[in-house]
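Reader: Please take me through this model. I want each label set against its cut-off.

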Amino acid sequence: MKIGIIALQGGFYEHHYMLRKLAGETGWSIEPVFVRKPSDLRGVDAVIIPGGESTTIGVVARRLGLLEELRDLLASGLPAMGTCAGAALLAKSVRDRVVGETKQPLLAVMDIEVVRNYFGRQRESFEVDLRIPAIGGKPFRGVFIRAPAITRLWGRTQKLAELDGVAVAAEEDGKLALAFHPELTGDTRLHRYFMERVKR
Ligand code: GLN
């Protein structure tokens with residue numbers, strides 16, 4: 001399976017590492033490729049949109065013609081996993097906790113509302129054990145870095161995990177939005193969960 005990792009800004013290399021680690025653990029054939037222009041999307045079975053700065057990723061992707069191309073593919077069913085900034089890009093509605101309206105370019109393919117920088121200054125970056133029943137009973141170490149939260153879900157979107165009463169992981173038809181960074185933990189369970197959806 002060919003997995004495109006959007007590699008314009010942010011933590012794309014870490015996702016590449018995690019996919020290779022997962023391939024080693026499972027024996028699955030996973031070919032991670034970095035996506036920097038529309039033609040890099042040719043033949044991919046899924047995409048990963050990393051954390052970083054969602055406005056920057058969106059603006060650069062739009063300038064390269066990648067945003068439109070990707071939006072069309074996602075709208076017609078291509079699976080995607082977005083972590084942190086990537087989750088914001090997948091959302092249909094995005095606000096910032098402090099500045100409110102962001103008017104940033106979005107992929108807008110998931111029925112979720114994301115509030116950027118939700119956890120604020122006191123808890124700007126932190127780690128916490130999350131309970132994610134979909135991947136089993138063992139807690140998952142959530143690494144939150146200026147993280148967003150998923151403040152509203154509608155349609156067919158399911159909440160996978162919550163923290164302080166707000167959703168931090170959501171799933172809708174092979175699309176996964178995660179407010180934290182599973183690529184920084186070495187724990188491949190969420191990448192595996194995603195790949196299981198891609199393989200279907
Ligand atoms: N606060 C960033 C944004 O909303 C996301 C931070 C991150 O990806 N670690 O774009």
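Author: Contact here means heavy atoms within 4.5 Å. This is a predicted model, where local features need pLDDT of at least 70, side-chain atom pairs count only at pLDDT 80 or more, and totals for chains, interfaces and linings use all residues. Residues are numbered from 1 along each chain as its sequence is written, and side-chain values use heavy atoms, without hydrogens and water.

Reader: What covers the buried residues of H2?

Author: The cover includes helix H3 (66-75), helix H4 (85-90) and strand S7 (110-116). Helices (H or I, at least four residues) and strands (E, at least two) are DSSP runs, numbered from the N terminus.

Reader: Which residues in helix H2 are called buried?

Author: Ser-54, Ile-57, Gly-58 and Ala-61. Buried means under 20% relative accessible area (1.4 Å probe, protein chains only), so these four residues of H2 fall under that cut-off.

Reader: What puts them on the same side of H2?

Author: They cover an arc of only 95° around the axis, so they share one side of H2. The arc is taken from the directions from the helix axis to the C-beta atoms.

Reader: What makes the ligand's link to Asn-117 a polar contact?

Author: A polar contact is a pair of N or O atoms within 3.5 Å; within protein, one must be able to donate a hydrogen and the other to accept it, and residues adjacent in sequence count only if both atoms are side-chain atoms. A ligand nitrogen is 3.1 Å from an N or O atom in the Asn-117 side chain, so the pair qualifies. A backbone N or O atom of Ile-145 lies 3.0 Å from a ligand nitrogen.

How values were computed
Buried < 20%, exposed > 50% of the residue type's maximum accessible area, 1.4 Å probe, protein only.
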